[in-house]
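Here are my notes on this structure, set out point by point. Please keep the model open beside you as you read.

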Amino acid sequence: MKPALLLFSSLLISQNVIAQAPALPVEVQSHVDSVMPQVIDWRRDFHEHPELGNREFRTAGIIADHLRSLGMDVTTDVAHTGVVGILQGGRPGPVVALRADMDALPVEEQVDLPFASQVRTQYNGQEVGVMHACGHDNHMAILMGAASVLAEMRETLPGTVMFIFQPAEEGAPAGEEGGAELMIEEGLFDDIRPDAVFGLHVWPIPAGQIAVREGGTMASSDSFNIRVQGQQTHGAAPWAGIDPIVVASQIVLGLQTIPSRQLDSTLTPSIVTVGAINGGLRSNIIPDSVEMIGTLRTFDADTRQQIHERVERTAKQIASSAGASAEVDINLGYPVTYNDPELTRKMSDTLQRVAGENFTEANLITGAEDFSYYANEVPGMFFFLGIAADDPEMVYPNHSPYFYADESALPVGVQAMTALALDFLEGN
Ligand SMILES: [Zn+2]
Ligand SMILES: [Zn+2]
């Protein structure tokens, strides 16, 4: 995910305490227990050998070998380095997809771990460190563990499980395509269409906690570019030209009235941020033009569309009121990560059983996730798994060079993915 502000304490808005029931049947739990040492090994190995988006060659090889060893049908090189495994159960039934992302980030690890990353590489022409600073190493290890457990139960499994290991969630390198969108473009769901897709993200909430919510969960993330065209003149004679700096200033303020004055703020939050303004050279010249860039975040498709229209209208009409003009370009990023309400209500019982009193409702997250592309195709549910250590000094947001995942969360992750697949297949 691409995080905005990550306040882990604010994520917890409710605590549902339930009676402890076994998360999984005894036999399944014993498969989970026996795969956990391998899960830890995989996670540490991926952590020590992180690879950037669309470059997950070693990572993909390890995953593909494992899925093949379980007797799955495995497709590799999907959307560059993606790996898809199909586990056909012994009984007829629906199809459920489970997804993990594979890429690391251009971040130099600062955590003191025996398996800390020392990897360096080139990224957009710069030498960088590489680190699993978003915790995708955990996602892969958890899903490989769940694959082992579910493969053990193949004979009695009522349906099919699709394992999606996806490259480049953080975005492809400049000039390349990648990620969930490209996997779908390449026909991921064409032959076998899942009835539901599940994914998780490790998050700096207490280790072992599971958080989920219905509907919009993570934001859509679009960027915009506004070019205000004025007319250059002497700084001492503004009437002789058109000042694009004053117009740009009015536009910045006008844009803020979209969330605060134009959209119903009781229904859904939204964010308009201008991140850069560039124009002008010196104190006594009013420049010809000003360029602004920024980001837009929303939690539903309708608000997203409304904001696009209003940003354009606001910028153009404010410019026009001054005799200037504005060109507006909106570049679509990831859609809203939307949890299908019916599916989420149904599967929350499963997550609650797994996490017990550590089950909670997630707050809205203004970061974005390309899991949204799968959930736009078929009903989806994306949830958060806490990995924060007890020691508050070790708790940092995703993408920090100090990001640290407490491994005590890993069995909860394997249980959750396994139980979701089993309950979904058996409940249909
Ligand atoms: Zn991330
Ligand atoms: Zn991530």
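1. Let me start with the loop between strand 1 and strand 2, where Ala 79 is found. This is a predicted model, and Ala 79 is worth a look in it: phi is positive there, at about 50 degrees, although the residue is not a glycine. Is Ala 79 buried or exposed? With a relative accessible area of 0%, Ala 79 falls under the 20% cut-off, so it counts as buried.

2. The strands on either side of that loop belong together. Strand 1 pairs with strand 2 (residues 82-88) in the antiparallel sense, over four bridges. If you would like one pair to click on, take Asp 73, whose bridge partner in strand 2 is Ile 86.

3. Now for the sheet around them. Strands 1 and 2 are part of an open sheet of eight strands with mixed pairing, in the order 1-2-6-3-7-18-8-17. Strand 1 (73-78) and strand 17 are its edge strands, each pairing on one side only. On average, neighbouring strands in this sheet are turned by 25 degrees against each other, direction ignored.

4. Which helix lies across strand 3 (91-101)? Helix 9 (residues 410-426) does, and its direction runs at about 150 degrees to that of strand 3. Helix 9 also lies across strand 6 (158-166), strand 7 (196-206), strand 8 (210-212) and strand 18 (380-388).

5. A second sheet deserves its own paragraph. It is open, has four strands in the order 12-14-10-15, and its pairing is antiparallel. Strand 12 (270-278) and strand 15 (325-331) have a single partner strand each, so one side of each is left without a neighbour in the sheet. The average turn between neighbouring strands here is 20 degrees, direction ignored.

6. Within this four-stranded sheet, strand 10 (residues 220-229) and strand 15 are joined by seven bridges in the antiparallel sense. Arg 227 has Glu 327 of strand 15 as its bridge partner. Helix 6 (residues 301-321) packs on the sheet and touches strand 10, strand 12, strand 14 (289-298) and strand 15. Relative to strand 15, the direction of helix 6 makes about 160 degrees.

7. Two more loop residues are worth checking. Asn 124 sits in the loop between strand 4 (120-123) and strand 5 (126-129), and its phi is near 45 degrees, a positive value in a residue other than glycine. Ala 368 is placed in the loop between strand 17 (359-361) and helix 8 (371-377). Ala 368 counts as buried because its relative accessibility is 0%. Its C-alpha atom is separated by 11 Å from that of Tyr 338, which is 30 residues away along the chain.

8. How many cavities of 30 Å³ or more does a search of the whole structure find? The search finds one. The largest cavity has a volume of about 30 Å³. Its lining consists of Arg 43, His 47, Leu 113, His 132, Phe 403, Tyr 404 and Ala 405.

9. Finally, a friendly word on confidence. The chain averages a pLDDT of 95, and 95% of the residues score at least 70. Residues 2-19 are another matter: pLDDT stays under 50 there, and the model has 47 contacts beyond four places in sequence for this stretch. Where pLDDT is low, the predicted coordinates should not be read in detail.

Terms used:
Residues are numbered from 1 along each chain as its sequence is written. Chains are lettered from A and ligands numbered from 1 in the order in which they are written. This is a predicted model: local features need pLDDT of at least 70, side-chain atom pairs count only at pLDDT 80 or more; totals for chains, interfaces and linings use all residues. Side-chain values use heavy atoms; hydrogens and water are left out. pLDDT is the predictor's confidence in each residue, from 0 to 100. Contact means heavy atoms within 4.5 Å. Helices (H or I, at least four residues) and strands (E, at least two) are DSSP runs, numbered from the N terminus. Buried means under 20% relative accessible area, exposed over 50%, partly exposed in between (1.4 Å probe, protein chains only). Two strands pair if DSSP finds at least two bridges between them. Axes are lines fitted to C-alpha atoms, for helices over the stretch in contact, and angles run from 0 to 180 degrees between N-to-C directions. On a 1 Å grid over the protein atoms alone, a cavity is a set of points where a 1.4 Å probe fits but cannot get out, and a pocket is an open set with protein on both sides within 12 Å along at least five of seven lines; lining residues have an atom within 4 Å of a point. Grid points are joined across faces, edges and corners, and a volume is the space filled by probe spheres set on the points.
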